[in-house]
Amino acid sequence: MKHNFQLSDFPNSNFEIETSIWTGKSKLFMNNSEVKKSTEKGKPFLIPRADGSLALAFAKQSYPDLVPTLGIDGKINLIVEKLKWYEYIVGGLPIILIFAGGLIGGIIGVIASLTNFSIFRQEGNPMLKYTKVIGVTGVSYLVYLLIVTIFTLLIK
């Protein structure tokens, strides 16, 4: 996932962070150039300041989001705005498949929920976002039912 953002400590710079869903590792870009990482504990990003010094930026996971925050000089910087509590509930509805469908339902539910959270972060009409999220949730349940039906027919 890629996210563009600004940092108040670097007003004339544009940042982009690329985070792997699978490994959780992040790459940080400043004005389209990759920011190097330190080898010290925590492996912070070394962001060059205007005065030539380096700011240590620590990427920290912020659950339940998969988008990290950046800790710079003891200050936590949000990369993306946190979702509202009701967006977590509506977007996370597919996770209920864990209880109904075990591993298969859980995999489908987690993928659908992450997709829903991503949809809520997009720019645009809120009604369209909710329509898409409801569609993704419905499709996730249909995919689960289809897979279960196929497995049931194959076992017989």
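This report describes the fold, the strand pairing, the cores and the helices of one protein chain, taken from a predicted model.

**Overall form**

The protein chain holds three helices and eight strands, and along the sequence these elements follow the pattern β-β-β-β-β-β-β-β-α-α-α. The radius of gyration of the protein chain is 19 Å, well over the 15 Å that the globule rule gives for 156 residues, so the chain is more spread out than a compact globule. Along its principal axes, the C-alpha trace spans about 70 × 35 × 25 Å. Of the 156 residues, 34% count as buried, and among contacts between residues at least 6 apart in sequence, 35% join residues at least 24 apart.

**Strand pairing**

An open sheet of four strands has the order 1-2-3-4 with antiparallel pairing; its edge strands are strand 1 and strand 4 (33-34), each of which pairs on one side only. Further along the sequence, strand 7 pairs in the antiparallel sense with strand 6 and also runs antiparallel to strand 8 (residues 75-77). The table sets out three of the pairings, each with a residue pair that belongs to it.

| Strands | Sense | Bridges | Residue pair |
|---|---|---|---|
| Strand 3 and strand 4 | antiparallel | two | Phe29 and Glu34 |
| Strand 6 and strand 7 | antiparallel | four | Lys60 and Thr69 |
| Strand 7 and strand 8 | antiparallel | three | Gly71 and Ile76 |

The hairpin of strand 7 and strand 8 has two residues between the strands, and in this hairpin Asp73 takes a positive phi near 55°. Both faces of strand 7 are covered, with Thr69 and Gly71 buried on one side and Leu70 and Ile72 buried on the other.

**Nonpolar cores**

The largest nonpolar core has 17 residues, and those with the most contacts inside it are Phe5, Leu7, Phe10, Phe15, Leu28, Ile47 and Leu70. Strand 1 (2-7), strand 2 (10-19), strand 3 (26-30), strand 5 (45-48), strand 6 (54-60) and strand 7 (69-72) each supply at least two residues of this core, and strand 2 gives the most, with three residues. Leaving aside its neighbours within four places in sequence, Leu70 of this core is in contact with residues that include Phe5, Leu7, Leu28, Phe45, Ala57, Phe58 and Ile79. Apart from this core lies another, of six residues, among them Leu83, Tyr88, Phe117 and Val133. In soluble globular proteins, nonpolar side chains tend to be buried together.

**Helices**

Helix 3 (residues 126-155) has 30 residues, which at 1.5 Å a residue should span 44 Å, and its end C-alpha atoms are 44 Å apart, in agreement with that expectation. At the N-terminal end of helix 3, Asn125 acts as a cap, with a side-chain oxygen 2.8 Å from the backbone nitrogen of Met127. The buried residues of helix 3 are Lys129, Val133, Thr137, Ser140 and Tyr144. An α-helix has 3.6 residues a turn, so residues three or four places apart point the same way. What covers the buried residues of helix 3 includes helix 1 (85-91) and helix 2 (97-121).

Ser113 lies in helix 2. Is this residue buried or exposed, and what is its relative accessible area? Ser113 is buried, because its relative accessible area of 2% falls under the 20% cut-off. Leaving aside its neighbours within four places in sequence, Ser113 is in contact with Gly91, Gly92, Pro94 and Ile95.

How values were computed
Residues numbered from 1 in each chain as written. Predicted model: local features only at pLDDT ≥ 70, side-chain atom pairs only at ≥ 80, totals over all residues. Heavy atoms only, no water. Expected span 1.5 Å × (residues − 1). Buried < 20%, exposed > 50% of the residue type's maximum accessible area, 1.4 Å probe, protein only. Contact = heavy atoms within 4.5 Å. Polar contact = N/O pair within 3.5 Å; in protein donor to acceptor, adjacent residues only side chain to side chain. Core = buried A, V, L, I, M, F, W, Y, C linked by side-chain atoms within 4.5 Å. Pairing = 2+ DSSP bridges. Rg over C-alpha atoms; globule rule 2.2 N^0.38 Å.
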